[in-house]
Amino acid sequence: MTDLTRYRNIGIFAHVDAGKTTTTERILNLTGKTHKIGEVHDGEATTDFMDQERERGITIQSAATSCDWDDHRLNIIDTPGHVDFTIEVYRSLKVLDGGVGVFCGSGGVEPQSETNWRYANESGVARIILVNKLDRLGANFYRVVDQVENVLGANPLVMVLPIGEEDGFTGVVDLLTRKAWVWDDSGDPSRYELQDVPADMADKVEEYREKLIETAVEQDDDLMEAYLEGEEPSIDDIKRCIRKGTIALDFFPTYCGSAFKNKAIQLVLNAVVDFLPNPVEVEPQPEVDLEGNETGDKAIVDPDRPLRALAFKIMDDRFGALTFTRIYSGTLKKGDTVLNTYTGKTERIGRIVEMHADSREELDSAQAGDIIALVGLKNTQTGHTLCDQKNPATLEPMVFPDPVISIAIAPKDKTGSEKLGIALNKMMQEDPSFRVETDEESGETIIKGMGELHLDIKVDILKRTHGVEVNVGKPQVAYRETITQRTEDSYTHKKQTGGSGQFAKIDYVIEPGEQNSGFEFESQVTGGNVPREFWPAVEKGFKNSMEEGTLAGFPLLDVKVILMDGGFHPVDSSAVAYEIAAKAAYRQSVPKASPQLMEPIMKVDVFTPEDHVGDVIGDLNRRRGMIKSQEAGATGVRVKADAPLSEMFGYIGDLRTMTSGRGQFSMEFSHYMACPNSVAEAVIKEVQERKG
């Protein structure tokens with residue numbers, strides 16, 4: 001039986017270009033998992049194994065790998081940094097116990113860092129921080145520590161101080177042991193010396209060491225009392241306190257280094273082992289019933305309990321479908337039959353493999369705490385729970401955001417359409433934030449996603465991985481509709497066709513709901529004019545109709561329907577009759593309730609060199625953007641704004657032109673807002689023309 005206290009399930013996450021994948025490469029090299037270091041900029045990183053990742057130098061899908069350090073087993077997931085792929089970060093954090101947040105020494109806390117940090121807070125994941133790229137021009141460890149405090153509202157616990165910065169960065173001082181780790185310039189991570197603290201750093205080291213100990217001993221009243229009386233705790237006691245505080249999310253041990261130059265990664269690995277929780281120390285996953293309500297039971301991490309496992313990612317490769325799975329409790333063996341609580345069907349476990357990026361090792365069994373991949377599952381998708389047939393339970397499912405952008409695609413030749421259907425189906429299983437629909441009127445295939453880059457890469461995968469060439473239409477925005485006025489109305493559905501007919505009468509109110517309330521239904525019928533058993537049919541009729549608004553056919557948001565009264569016939573009334581009445585009532589009354597078109601507003605975060613700020617702000621204003629804030633940093637200015645998605649297409653090209661290629665931006669969905677009349681009229685006209 002494996003000792004679970006020696007397991008660490010960790011993720012590495014950060015903003016684009018902060019050096020996550022390079023850090024993972026160094027960890028794999030240091031732990032002896034790889035002997036040649038792959039560089040991201042050469043397109044040779046181990047965990048970036050998709051063609052698209054190698055060419056663009058970005059991570060698109062999270063990759064899983066395992067290695068050993070100091071007699072501990074590390075399961076590592078390298079996640080993407082780009083905002084269009086945050087779904088990968090979200091679902092990885094969902095199954096991890098700890099994380100390493102990587103920040104760029106010169107870029108600091110960047111837009112995507114904030115989103116990932118927020119996801120990690122929501123998932124309650126303990127983290128350590130690595131301020132990377134300290135060898136770069138403009139790098140400043142202390143400035144980044146300030147940003148972590150002020151921008152993220154987090155409490156960084158500084159564990160090391162850098163020796164030199166930019167070109168002169170040679171190593172770090174470990175505050176606990178008061179030892180300087182100094183590397184030579186060979187780039188070999190094992191060529192370092194332990195030296196005394198440089199004389200010019202002695203005061204700073206003592207100042208930060210005192211802060212470190214004061215913060216740590218707050219976790220233990222006895223140690224704190226002794227410390228206040230002048231007794232310094234042992235290093236083991238301090239480490240125990242730091243571990244306790246890290247797991248409680250009271251603070252985040254903060255390190256620095258240069259992954260690219262192979263400096264100071266050993267200390268980060270030591271910190272993963274010393275301070276991040278093992279699977280047993282993490283709050284157990286709550287179990288829920290089929291409606292998603294918590295049952296009060298928890299999946300306690302224990303190999304001897306009934307099986308509880310969560311499928312968190314599907315990946316299709318040359319060996320067939322791989323289902324990445326985190327086992328929370330119990331043991332899984334080859335040949336076992338398990339229950340998928342979402343589908344209610346059983347699945348047979350054919351092969352269990354341990355992943356190393358895109359290569360694998362066969363296993364006979366796996367147990368609580370393991371992250372493994374299962375080969376050949378037929379009906380299991382992301383977020384499904386696999387469990388013991390005799391003791392069924394469901395783990396809390398994952399919630400994925402709705403796509404905000406869509407494009408129409410069509411195969412370039414006739415032979416491609418069958419292949420296209422199969423390929424899109426596989427891609428939807430792999431990525432829950434990617435959706436596919438067929439426009440019934442035009443017969444077009446519509447793909448939907450989280451942003452331009454997201455869909456761009458999907459089209460590229462279709463072409464290269466699945467060999468399907470497609471023509472691509474222009475991007476469409478996912479508009480919504482809502483109503484702005486309260487309307488009282490009545491509708492009677494009557495149909496006589498020999499024998500029993502259909503009859504349903506409803507008196508109702510349709511009114512605007514609270515923001516983000518979706519669809520609400522209430523019945524105030526008294527005296528049985530509409531029998532209680534038909535209320536759900538009325539609700540269903542209205543709810544299903546919300547899929548299509550009356551202005552331009554976009555889904556309706558935030559509407560409340562109140563059933564006031566009505567009438568029924570003892571023979572001719574039925575649930576079907578009331579559902580039909582509700583659908584017709586919707587079409588009759590929504591146009592009277594002053595419907596309005598809503599557009600998706602994006603949270604835009606732009607980084608620009610100082611001399612281009614005016615151009616960037618002027619351009620955002622032209623795009624109907626609302627400037628929220630400007631913050632000057634050491635290397636440029638961050639401008640935060642809210643802007644409509646419809647105005648942001650092609651923005652990256654314009655931003656690069658304005659800033660001579662130095663600007664960056666990230667964008668994520670924020671909320672829906674009413675469209676200006678001129679925009680609404682143009683959209684409605686375009687939809688009508690498309691429908692012909």
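Just after helix α8, L249 adopts a positive phi of about 65 degrees. The model analysed here is predicted. Helix α8 itself covers residues 235–247. Its end C-alpha atoms lie 18 Å apart. At 1.5 Å a residue, the 13 residues of α8 should span 18 Å, so the two values agree. The expected span is taken as 1.5 Å times one less than the number of residues. Several positions of α8 are shielded from solvent. The buried residues of the helix are I238, C241, I242, R243, G245 and T246. A cysteine, C241, and an arginine, R243, are thus both on the buried list of α8.

Cysteines were also examined for cross-links. A disulfide is a covalent bond between the sulfur atoms of two cysteines. A search of the whole structure returned zero disulfides. Two further cysteines can be placed by their accessibility. C104 has a relative accessible area of 4%, so this residue is buried. C256 counts as buried because its relative accessibility is 1%. The cut-off applied in both cases is under 20% relative accessible area.

Aromatic contacts were considered next. A pair of aromatic rings is described by the distance of the centres and the angle of the planes. The structure holds 11 aromatic pairs. One of them joins W181 and W183. The ring centres of this pair are 6.1 Å apart, and the planes are inclined at 25 degrees. The W181–W183 pair is therefore stacked, as planes under 30 degrees apart fall in that class. W181 and W183 are both buried. Elsewhere, F103, W117 and F252 are linked into a cluster by ring pairs.

Charged side chains also meet aromatic rings. The charged end of K204 sits over the ring of Y142, 4.0 Å from the ring centre. The charged end of R73 sits over the ring of Y7, with a distance of 6.0 Å to the ring centre.

Strand pairing was then traced. Strands of a sheet pair through backbone hydrogen bonds, either parallel or antiparallel. One open sheet contains three strands in the order β13-β12-β24, and its pairing is antiparallel. Strands β13 (294–299) and β24 (394–395) form the edges, each pairing on one side only. Strand β12 spans residues 285–288. Two bridges connect β12 to β24 in the antiparallel sense. Within the sheet, V288 stands opposite T394 of β24.

How values were computed:
Residues numbered from 1 in each chain as written. Predicted model: local features only at pLDDT ≥ 70, side-chain atom pairs only at ≥ 80, totals over all residues. Heavy atoms only, no water. Phe/Tyr/Trp six-rings, centres within 6.5 Å; stacked < 30°, edge-to-face > 60°. Buried < 20%, exposed > 50% of the residue type's maximum accessible area, 1.4 Å probe, protein only. Lys NZ or Arg CZ within 6 Å of the ring centre and 35° of its normal. Disulfide = S-S within 2.5 Å. Pairing = 2+ DSSP bridges. Helix = DSSP H or I, 4+ residues; strand = E, 2+ residues; numbered from the N terminus.
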